[in-house]
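The exercises below each set a task and then work through it step by step. Please look over the sequence and the structure before starting.

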Amino acid sequence: MGGVEDVIEPVAGLVAGGGVVVLSGAGLSTESGIPDYRGPSGAARRHSPMTYQTFVGDALARRRYWARSYLGWRLIARAAPNDGHRAVARLQHADLVSGIITQNVDGLHTAAGSRDVVELHGRLDEVICLGCADRTSRRDLDRRLRLANPGFVARAAAINPDGDVDLDDAEVAGFRTVDCVSCGGMLKPDVVFFGEMVPAARVQSCFAMVERARLLLVLGSSLTVMSGRRFVLRAAKRGVPVVIVNQGPTRGDGYARLRVDAPLGRLLPALADRLVGDPSAPAATTGAMPAPA
Ligand SMILES: [Zn+2]
């Protein structure tokens, strides 16, 4: 198996022209310790994804979602951007990347310094009330859930020491959910669930970005769901070349000018080094970060 160096040349050749729109998926965040979610629901791959209809219509399923999500939030809140996110930000600051569309709900592109990121499926760190549309922070909700469920995290951790968010029925039955403080309405993470539409204006602005692009660069998405795949289809239809970097096959491979199977945490920094220079030189002189002990 060849190294990253063997595949970087053709990718760099295409990205060097600028006007790149990035479409990123779960594969970009796995190296940040975020499990490879199949979709925006926050449910891990082996669980069937929560749909909007089930969430609002089934109180028990909703309780199970919040119990599992309450534990899973610890992983998300702790997660930090990885070298792949930082490399995308460097390419954006060098004006090679003109836009970023992400299917991820973890906020890590922005945390890495990217700007104007279109978060297609929303953000897990925000909560919306389905009654009054009040938007609150997940951090506040987490505090309320902790008060309502003392000891829950410790008990779950004792049963699942590896942090796996699997709960049996008895644990779920003991979990207490909370409602909107303003109106008592049902709370929902502000992410797009399966069975729910991405807001039309958000989709249209993504289509416009893709149509103006010189290149669509897909990073770490299997393009399983149409929510992301439609942008690859649109690019192909408009003659915008598509480059896909993903470990494993994708449902967009047939449309790709170039298809690369490589770890993003290694390929993207090498790409940024090649195109915008080695970051270690300026970073050493700015002193923005404390020196490692
Ligand atoms: Zn409300």
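A residue is called buried when its relative accessible area is under 20%, exposed when it is over 50%, and partly exposed in between, using a 1.4 Å probe and protein chains only. The model is predicted, so local features need pLDDT of at least 70 and side-chain atom pairs count only at pLDDT 80 or more, while totals for chains, interfaces and linings use all residues. Residues are numbered from 1 along each chain as its sequence is written, and side-chain values use heavy atoms, with hydrogens and water left out.

**Exercise 1.** Describe the surroundings of Leu217, beginning with the strand in which it is found.

Solution. Helices (H or I, at least four residues) and strands (E, at least two) are DSSP runs numbered from the N terminus, and Leu217 belongs to strand β7, residues 215-219. Its relative accessible area is 2%, so Leu217 counts as buried. Next come its contacts, where contact means heavy atoms within 4.5 Å: leaving aside residues up to four places away in sequence, Leu217 touches Val15, Val20, Val21, Val22, Leu23, Val243 and Val245. Finally, Ala256 lies 39 residues from Leu217 in sequence, and the C-alpha atoms of the two are 9.6 Å apart.

**Exercise 2.** Work out the strand order of the open sheet that 3 strands form, and state which strands stand at the edges.

Solution. Two strands pair if DSSP finds at least two bridges between them, and the order that results here is β5-β4-β6, with antiparallel pairing. The edges are taken by β5 (135-137) and β6 (187-191), each of which has a single partner strand, so one side of each lacks a neighbour in the sheet. Ignoring direction, neighbouring strands of this sheet are turned by 45° against each other on average. Strand β4 (residues 122-129) is joined to β6 by 4 bridges; within this pairing Gly122 stands opposite Val191, and Ile128 has Lys188 as its bridge partner. As for burial, 5 of the 5 residues of β6 are buried, so this strand is largely enclosed by the rest of the structure.

**Exercise 3.** Describe how α9 and α10 are placed against each other, and which residues meet.

Solution. Two packed helices are described by the angle between their axes and the distance between the axes. Axes are lines fitted to C-alpha atoms, for helices over the stretch in contact, and angles run from 0 to 180 degrees between N-to-C directions. For α9 (residues 200-212) and α10 (residues 226-237), the axes come within 9 Å and cross at roughly 40°. On the α9 side the contact involves Val203, Cys206, Phe207, Val210 and Glu211, and these meet Arg230, Phe231, Arg234 and Ala235 of α10.

**Exercise 4.** Decide whether the loop residues Asn82 and Leu223 are buried or exposed, and find what is notable about the phi of Leu223.

Solution. Asn82 sits in the loop between α3 (59-78) and α4 (83-93), and with 7% relative accessibility it counts as buried. Apart from residues up to four places away in sequence, Asn82 touches Leu28, Ser29, Glu31 and Ser32. Leu223, in the loop between β7 and α10, is also buried, at a relative accessible area of 1%. Most residues other than glycine have a negative phi. The phi of Leu223, however, is near 55°, a positive value in a residue other than glycine.
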